[in-house]
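Reader: Please go through this protein chain with me, from its surface to its cores and its charged pairs.

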Amino acid sequence: MQKTKNSYGIYRWIISCCVFLAVAAIFWVGFTAIFQYTAQESMDQARDAADKYSTSLELLTKDMVDGAGVMADMARKQRTNDSWFASVAQSVAAQNVSILGIQYTPLGRPPVSFPVGFSFGADKGLATAFTGLQNTVMAGDGTSLVFSPVVMQSGNSGVITMTPVFVYNSRTQNFDYLGNIAVLRKLPEAVDCDALKEIQETGYSYVVYGNTADGGNDGIIARSDVELGDNFVTASAKVPGGYWQIRLSPVDTWGSSGKNIGLVISLAAGFILGGLVFWILTLRQQRAESRRILRTDPLTKVGNRHGLKDTLTRLCHQLKGHFVIACMDIDNLKGINKTYGRKAGDAVLQETAKRVTECLKEDDRLFRVGDDSFVAIIDNESLEGVSRRLDGIRQQVGRSFEVGNADLKISIEVGCSAFPMDSRSPRELVMIADQRMNVKRGIVLDEGTDWLADDKPVLMEEMEENKPQ
């Protein structure tokens, strides 16, 4: 029995662990699917936002070039007169608050600038970038350039727009270079627009890279306060003179923290359901053990009257096969109790139950129904087989019992009934077998003892076991 309990305990743990793993896996797969779906949806939305901002940057840089182009047109018309510059530059600057300064550098004449005192040459970082751009546009085909980021001595970054001024020379049939218009804008104000505001309000983290890494700033034009996530989308904006790149990722995505939460929830769900299954199996085991104890004779460890009643009721309701009821009474047990004490009588009862059980098949069952009375159910056995088993029982029980220093002898009387030949009623089968047993003992009764009656007195061992502590 202890081995059975241990086996069932291992079975409970195995089933509970399997439930834990299965539930945790199901929850984790579900969370993973949600993560993947939400992550993909977030990345698609981020890609749309990045594409929208890249389009806005292309329009912004085109506006930058168009503003410088207005002044380049005036420079072509006023080749030798620079008096127009101040008023036109002031008008252009008034339309964009990000403009820090504008400079017109005519070929062969001193540069003019707005506001007064502004000069690209006054700042080392600006001067280097200006010289490089000027050399590029002088050798170019008249295309304007947008160069960013440029790091100034103040630590701030800016974007330079340079538009060359060319005029057609009909005599040489070539374009002559007259100078350039350069505009310095402050970052990140120069790249601010409605698309960027929408990105910020949505909660995206972003970085905008320009077409230069000058100044050791990794070419960053603008960035969010929140660091860019590990998963991001990329979009490119074609600007005059190169490309700018936008990297953008959602801030409020599940990410690693969400996966950790999902893992905790999955493990918790598996633990709760696995624990519930373990509790249910434990409860079932306790109930089964309680039923077993209720149906077991505490002295001999064979079945009792409750077990006999349940077993017979079940077998009779099945209405298949046949079985024999054998009622057995031990003779001289009361004498043994009186002469040698109740402990000796109990030892004889225990050994008798053991010997009778050894004579039965594995499918047969034995029950103790009275102080010296047993009932055996012999299942699916021929009459000859039943007779041989009963003879074996008489021989085994008839052998002497060694109790202490005494050799005790008892005998057993048996009466039988058969299902379904004698009756289909559990109570009648027992009463018929008991009546036939009494006849063999020379006792004639109208009917046998009804060992299945609910009002039968309990055995003394049952009283002792159920006595309040």
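**Surface, cores and salt bridges**

Author: The protein exposes about 25,600 Å² (Shrake-Rupley method, 1.4 Å probe; for residues, only the protein chains shown count as cover), and carbon and sulfur atoms supply 54% of it. This is a predicted model, in which local features need pLDDT of at least 70, side-chain atom pairs count only at pLDDT 80 or more, and totals for chains, interfaces and linings use all residues. Residues are numbered from 1 along each chain as its sequence is written, and side-chain values use heavy atoms, with hydrogens and water left out.

Reader: How many helices and strands are in the protein?

Author: Helices (H or I, at least four residues) and strands (E, at least two) are taken as DSSP runs, numbered from the N terminus. On that basis the protein has 11 helices and 15 strands.

Reader: What percentage of the residues is buried?

Author: Buried means under 20% relative accessible area, exposed over 50%, and partly exposed in between (1.4 Å probe, protein chains only). Of the 469 residues in the protein, the buried share is 44%.

Reader: Among contacts between residues at least 6 apart in sequence, what share joins residues at least 24 apart?

Author: A contact requires heavy atoms within 4.5 Å. Among the contacts between residues at least 6 apart, the share joining residues at least 24 apart is 65%.

Reader: Which element gives the most to the nonpolar patch on the surface?

Author: Patches are made of residues with over 30% relative accessible area and no salt bridge; like charges are joined within 9 Å, and nonpolar side chains (Val, Leu, Ile, Met, Phe, Trp, Tyr) within 5 Å. The nonpolar patch consists of I26, F27, I261, I265, F271, I272, L273, L276, W279 and I280, with about 1,000 Å² of accessible area together. Two or more residues come from each of helix 1 (2–77) and helix 5 (255–294). With eight residues, the element that gives the most is helix 5.

Reader: Is L276 buried or partly exposed?

Author: L276 is placed in helix 5. Its relative accessible area is 41%, so L276 counts as partly exposed.

Reader: Which element gives the most to the largest nonpolar core?

Author: A nonpolar core is a set of buried Ala, Val, Leu, Ile, Met, Phe, Trp, Tyr and Cys residues joined through side-chain atoms within 4.5 Å. The largest one has 32 residues, of which M328, V348, L366, F374, L390 and I393 touch the most other members. Elements that each supply at least two residues include strand 10 (323–331), helix 7 (333–340), strand 12 (373–379) and helix 9 (383–398). The most, six residues, come from helix 8.

Reader: How many residues does the second, separate core have?

Author: This core includes L57, V159, A190 and I199. Its number of residues is 30.

Reader: Where does T161 lie, and is T161 buried or exposed?

Author: T161 lies in strand 4 (residues 157–169). Leaving aside neighbours within four places in sequence, its contacts are M64, V65, A68, L145, V146, I181, A182, V183 and R185. Its relative accessibility is 0%, so T161 counts as buried.

Reader: How many disulfides does the structure hold?

Author: A disulfide is a pair of cysteine sulfur atoms within 2.5 Å. C416 is in no disulfide, the nearest cysteine sulfur being that of C327, 8.2 Å away. For the structure, the number of disulfides is zero.

Reader: Which residue forms a salt bridge with E198?

Author: A salt bridge is a side-chain nitrogen of Lys or Arg within 4 Å of a carboxyl oxygen of Asp or Glu, and by this rule there are 17. For E198 the closest N and O atoms of the pair are 2.8 Å apart, and the partner is K52. The pair links distant parts of the chain, 146 residues apart: E198 in helix 4 (residues 194–202) and, in helix 1, K52.

Reader: Is E381, which meets K361 in a salt bridge, buried or partly exposed?

Author: The N to O distance between E381 and K361 is 3.1 Å. E381 is in the loop between strand 12 and helix 9, and K361 is in the loop between helix 8 and strand 11 (365–368). K361 has 24% relative accessibility and is partly exposed. E381 has a relative accessible area of 14% and therefore counts as buried.

Reader: Which residue forms a salt bridge with R368?

Author: R368 is buried, with a relative accessible area of 1%. Its partner is partly exposed at 44% relative accessibility. The closest N and O atoms are 4.0 Å apart, and the partner is D371.
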